[in-house]
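Let's take a walk through this structure together. Have the sequence and the 3D view ready as you read.

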Amino acid sequence: MNHALRWIAMALAGVAILVAASAAAAAPAATCGICGKNLIKNPSAEAGAGITAVGAYGVVPGWTNTAGQFGAASYTFPNGWFSKLSKGSPKRGKNYFFGGTTTEAVTAKATIGTQTIKLPSKAVGRKVTLGGWIGNYGTGPSANMTQVRADFADASGTVLARLRIGNDTTVAGTDMAFRSRKGMVPAGATQVTIVVTFVGGNNYKLAGADDLSLVLA
(Lines give C-alpha, C1' and ligand atoms only; values in the text may rest on other atoms or scores of the structure.)
Protein backbone atom coordinates (compact mmCIF):
# COMPACT_ATOMS: atom_id res chain seq x y z
CA MET A 1 0.00 0.00 0.00
CA ASN A 2 1.49 3.40 -1.00
CA HIS A 3 1.43 6.48 1.23
CA ALA A 4 -1.67 8.01 -0.44
CA LEU A 5 -3.76 4.88 0.05
CA ARG A 6 -2.52 4.52 3.61
CA TRP A 7 -3.66 8.09 4.48
CA ILE A 8 -7.08 7.51 2.89
CA ALA A 9 -7.54 4.31 4.92
CA MET A 10 -6.56 6.12 8.13
CA ALA A 11 -8.97 8.99 7.38
CA LEU A 12 -11.86 6.59 6.76
CA ALA A 13 -11.08 4.75 10.01
CA GLY A 14 -11.16 8.06 11.89
CA VAL A 15 -14.57 8.93 10.44
CA ALA A 16 -15.89 5.51 11.46
CA ILE A 17 -14.69 6.06 15.04
CA LEU A 18 -16.38 9.49 15.20
CA VAL A 19 -19.65 8.11 13.86
CA ALA A 20 -19.59 5.25 16.38
CA ALA A 21 -18.82 7.66 19.23
CA SER A 22 -21.67 9.97 18.21
CA ALA A 23 -24.09 7.05 18.03
CA ALA A 24 -23.03 5.85 21.48
CA ALA A 25 -23.50 9.34 22.93
CA ALA A 26 -27.00 9.57 21.45
CA ALA A 27 -28.03 6.08 22.55
CA PRO A 28 -29.17 6.89 26.14
CA ALA A 29 -31.61 9.57 24.96
CA ALA A 30 -32.91 7.34 22.18
CA THR A 31 -33.67 4.50 24.60
CA CYS A 32 -35.61 6.65 27.09
CA GLY A 33 -39.13 5.88 25.95
CA ILE A 34 -40.70 7.65 28.95
CA CYS A 35 -38.74 10.89 28.62
CA GLY A 36 -40.74 13.94 27.60
CA LYS A 37 -44.02 12.31 28.64
CA ASN A 38 -46.23 13.13 31.60
CA LEU A 39 -45.89 10.18 34.02
CA ILE A 40 -48.99 11.12 36.04
CA LYS A 41 -52.20 9.29 35.22
CA ASN A 42 -55.41 11.33 35.18
CA PRO A 43 -53.35 14.50 35.79
CA SER A 44 -56.31 16.86 35.43
CA ALA A 45 -59.06 14.93 37.28
CA GLU A 46 -60.89 14.50 33.98
CA ALA A 47 -61.60 10.79 34.44
CA GLY A 48 -64.70 10.62 36.58
CA ALA A 49 -67.43 13.10 37.41
CA GLY A 50 -66.60 16.38 39.16
CA ILE A 51 -69.01 17.52 41.87
CA THR A 52 -71.60 20.21 41.15
CA ALA A 53 -73.28 20.37 44.60
CA VAL A 54 -72.22 20.97 48.20
CA GLY A 55 -71.76 17.74 50.16
CA ALA A 56 -71.17 15.62 47.06
CA TYR A 57 -68.04 13.56 46.53
CA GLY A 58 -66.30 13.26 43.17
CA VAL A 59 -64.09 10.16 43.00
CA VAL A 60 -60.81 10.65 41.10
CA PRO A 61 -59.82 7.46 39.21
CA GLY A 62 -56.12 6.65 39.43
CA TRP A 63 -55.73 8.46 42.77
CA THR A 64 -55.99 7.27 46.38
CA ASN A 65 -57.91 9.28 48.97
CA THR A 66 -55.39 9.39 51.83
CA ALA A 67 -56.99 11.96 54.15
CA GLY A 68 -60.13 14.05 54.28
CA GLN A 69 -62.04 13.45 51.05
CA PHE A 70 -59.85 14.08 48.03
CA GLY A 71 -62.00 14.56 44.98
CA ALA A 72 -62.75 16.47 41.80
CA ALA A 73 -65.00 19.46 41.24
CA SER A 74 -66.56 20.66 38.02
CA TYR A 75 -65.68 24.13 36.79
CA THR A 76 -69.48 24.65 36.75
CA PHE A 77 -69.77 23.96 40.53
CA PRO A 78 -71.55 27.14 41.75
CA ASN A 79 -70.04 27.01 45.25
CA GLY A 80 -66.52 26.39 43.96
CA TRP A 81 -63.83 29.00 43.97
CA PHE A 82 -62.70 28.39 40.38
CA SER A 83 -64.70 28.61 37.17
CA LYS A 84 -64.21 28.52 33.42
CA LEU A 85 -63.70 32.28 33.65
CA SER A 86 -60.83 31.98 36.15
CA LYS A 87 -57.23 32.14 35.06
CA GLY A 88 -55.78 28.64 34.85
CA SER A 89 -54.39 25.99 32.57
CA PRO A 90 -54.97 26.70 28.88
CA LYS A 91 -55.54 22.95 28.53
CA ARG A 92 -58.14 22.72 31.28
CA GLY A 93 -61.05 20.35 30.83
CA LYS A 94 -64.26 20.07 32.79
CA ASN A 95 -62.80 19.27 36.25
CA TYR A 96 -60.08 20.17 38.73
CA PHE A 97 -58.73 18.55 41.93
CA PHE A 98 -60.68 19.84 44.90
CA GLY A 99 -60.37 19.93 48.70
CA GLY A 100 -64.02 19.08 49.35
CA THR A 101 -67.24 20.13 51.09
CA THR A 102 -68.20 16.79 52.65
CA THR A 103 -68.17 16.16 56.40
CA GLU A 104 -64.97 14.11 55.97
CA ALA A 105 -63.28 17.03 54.21
CA VAL A 106 -64.48 19.69 56.63
CA THR A 107 -63.47 17.83 59.79
CA ALA A 108 -60.04 16.72 58.53
CA LYS A 109 -56.92 18.83 59.07
CA ALA A 110 -56.05 18.25 55.42
CA THR A 111 -57.45 16.62 52.32
CA ILE A 112 -54.77 14.49 50.66
CA GLY A 113 -54.70 12.46 47.46
CA THR A 114 -51.80 10.30 46.29
CA GLN A 115 -50.66 8.40 43.23
CA THR A 116 -47.59 6.11 43.16
CA ILE A 117 -45.70 5.61 39.89
CA LYS A 118 -43.10 2.88 39.28
CA LEU A 119 -39.81 4.12 37.83
CA PRO A 120 -37.57 2.12 35.46
CA SER A 121 -33.86 1.97 36.29
CA LYS A 122 -33.08 4.25 33.33
CA ALA A 123 -34.91 7.07 35.12
CA VAL A 124 -32.16 7.35 37.76
CA GLY A 125 -29.89 10.34 37.25
CA ARG A 126 -32.20 12.07 34.80
CA LYS A 127 -33.52 15.60 35.24
CA VAL A 128 -37.16 15.79 36.23
CA THR A 129 -39.70 18.62 36.37
CA LEU A 130 -42.80 18.76 38.58
CA GLY A 131 -45.39 21.25 37.41
CA GLY A 132 -49.01 22.19 37.87
CA TRP A 133 -51.64 24.87 38.31
CA ILE A 134 -52.47 25.58 41.95
CA GLY A 135 -55.13 27.77 43.52
CA ASN A 136 -55.73 28.91 47.10
CA TYR A 137 -58.75 30.30 48.89
CA GLY A 138 -58.71 33.17 51.38
CA THR A 139 -55.80 34.79 53.20
CA GLY A 140 -54.25 34.67 56.65
CA PRO A 141 -54.09 31.79 59.15
CA SER A 142 -57.38 30.24 58.00
CA ALA A 143 -56.55 30.31 54.29
CA ASN A 144 -57.03 27.18 52.20
CA MET A 145 -53.68 26.30 50.64
CA THR A 146 -52.59 23.87 47.92
CA GLN A 147 -49.37 21.87 47.85
CA VAL A 148 -48.16 19.28 45.34
CA ARG A 149 -45.15 17.02 46.04
CA ALA A 150 -43.22 14.35 44.20
CA ASP A 151 -41.61 11.95 46.72
CA PHE A 152 -38.91 9.73 45.17
CA ALA A 153 -38.43 6.54 47.17
CA ASP A 154 -36.60 3.21 47.11
CA ALA A 155 -38.24 -0.21 47.06
CA SER A 156 -38.81 -0.10 50.83
CA GLY A 157 -40.66 3.20 50.58
CA THR A 158 -37.90 5.33 52.12
CA VAL A 159 -38.08 8.82 50.60
CA LEU A 160 -34.74 9.75 49.00
CA ALA A 161 -35.60 13.12 47.47
CA ARG A 162 -38.57 15.44 47.16
CA LEU A 163 -39.83 18.12 44.79
CA ARG A 164 -42.58 20.51 45.89
CA ILE A 165 -44.74 23.31 44.53
CA GLY A 166 -46.78 25.30 47.09
CA ASN A 167 -47.77 26.26 49.68
CA ASP A 168 -47.47 29.55 47.81
CA THR A 169 -49.03 32.62 49.45
CA THR A 170 -48.50 34.68 46.28
CA VAL A 171 -51.28 32.69 44.58
CA ALA A 172 -54.55 34.46 45.36
CA GLY A 173 -57.87 35.61 43.98
CA THR A 174 -60.20 33.34 42.04
CA ASP A 175 -57.39 32.23 39.75
CA MET A 176 -54.88 29.40 39.59
CA ALA A 177 -51.21 30.02 38.85
CA PHE A 178 -48.64 27.73 37.25
CA ARG A 179 -45.70 26.67 39.37
CA SER A 180 -42.87 24.23 38.63
CA ARG A 181 -39.74 22.84 40.26
CA LYS A 182 -36.79 20.99 38.71
CA GLY A 183 -34.64 18.26 40.23
CA MET A 184 -32.94 14.95 39.51
CA VAL A 185 -34.10 11.37 40.09
CA PRO A 186 -31.85 10.10 42.92
CA ALA A 187 -29.85 6.87 42.87
CA GLY A 188 -31.86 3.99 44.28
CA ALA A 189 -35.26 5.45 43.38
CA THR A 190 -37.72 2.83 42.12
CA GLN A 191 -40.94 4.79 42.59
CA VAL A 192 -42.32 8.28 42.96
CA THR A 193 -45.48 9.26 44.82
CA ILE A 194 -47.39 12.38 43.83
CA VAL A 195 -48.99 13.93 46.92
CA VAL A 196 -51.66 16.62 46.52
CA THR A 197 -52.59 18.36 49.78
CA PHE A 198 -55.34 20.89 50.50
CA VAL A 199 -55.00 22.30 53.99
CA GLY A 200 -56.57 25.05 56.09
CA GLY A 201 -60.00 26.59 56.16
CA ASN A 202 -62.56 26.86 58.94
CA ASN A 203 -65.22 25.11 56.88
CA TYR A 204 -65.08 23.87 53.30
CA LYS A 205 -61.70 23.19 51.71
CA LEU A 206 -62.06 25.24 48.55
CA ALA A 207 -58.45 25.17 47.27
CA GLY A 208 -57.81 23.42 43.97
CA ALA A 209 -55.21 22.17 41.47
CA ASP A 210 -55.21 21.20 37.82
CA ASP A 211 -53.09 19.93 34.94
CA LEU A 212 -50.33 18.34 37.04
CA SER A 213 -47.21 16.93 35.36
CA LEU A 214 -44.05 15.01 36.15
CA VAL A 215 -41.70 14.84 33.17
CA LEU A 216 -38.24 13.31 32.77
CA ALA A 217 -35.68 14.94 30.46
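The paragraphs below go from the overall layout to the sheets and then to the cores.

This is a predicted model, in which local features need pLDDT of at least 70 and side-chain atom pairs count only at pLDDT 80 or more, while totals for chains, interfaces and linings use all residues. Residues are numbered from 1 along each chain as its sequence is written, and side-chain values use heavy atoms, leaving out hydrogens and water.

Start with the chain as a whole. Its secondary structure comes to 2 helices and 10 strands (DSSP runs numbered from the N terminus, with H or I of at least four residues for helices and E of at least two for strands). Along the sequence, the pattern reads α-β-β-β-α-β-β-β-β-β-β-β.

Now find the open sheet of 5 strands with the order E2-E3-E10-E5-E8 and antiparallel pairing; two strands pair if DSSP finds at least two bridges between them. At its edges are E2 (71-74) and E8 (177-184), each pairing on one side only. Neighbouring strands here are turned by 40 degrees against each other on average, direction ignored (axes are lines fitted to C-alpha atoms, for helices over the stretch in contact, and angles run from 0 to 180 degrees between N-to-C directions). Within this sheet, 7 bridges join E5 (residues 127-135) to the antiparallel E10 (residues 205-216). One pair to look up is threonine 129 with its bridge partner in E10, valine 215.

Another open sheet of 5 strands runs E1-E4-E9-E6-E7, again with antiparallel pairing. E1 (64-67) and E7 (159-165) each have a single partner strand, so one side of each lacks a neighbour in the sheet. The twist averages 25 degrees from one strand to the next. E1 is joined to E4 (residues 110-118) by 3 bridges, and alanine 67 has isoleucine 112 as its bridge partner in E4.

What fills the interior? The largest nonpolar core has 34 residues, and Trp63, Phe97, Phe152, Ile194 and Leu214 have the most contacts inside it. Such a core is a set of buried Ala, Val, Leu, Ile, Met, Phe, Trp, Tyr and Cys residues joined through side-chain atoms within 4.5 Å, where buried means under 20% relative accessible area with a 1.4 Å probe, protein chains only. E5, E6 (145-153), E7, E9 (191-199) and E10 each supply at least two residues of this core, with E10 giving the most, 5 residues. Apart from it lies another core of 10 residues, among them Ala73, Phe82, Phe98 and Met176.

Definitions and conventions. Buried < 20%, exposed > 50% of the residue type's maximum accessible area, 1.4 Å probe, protein only.
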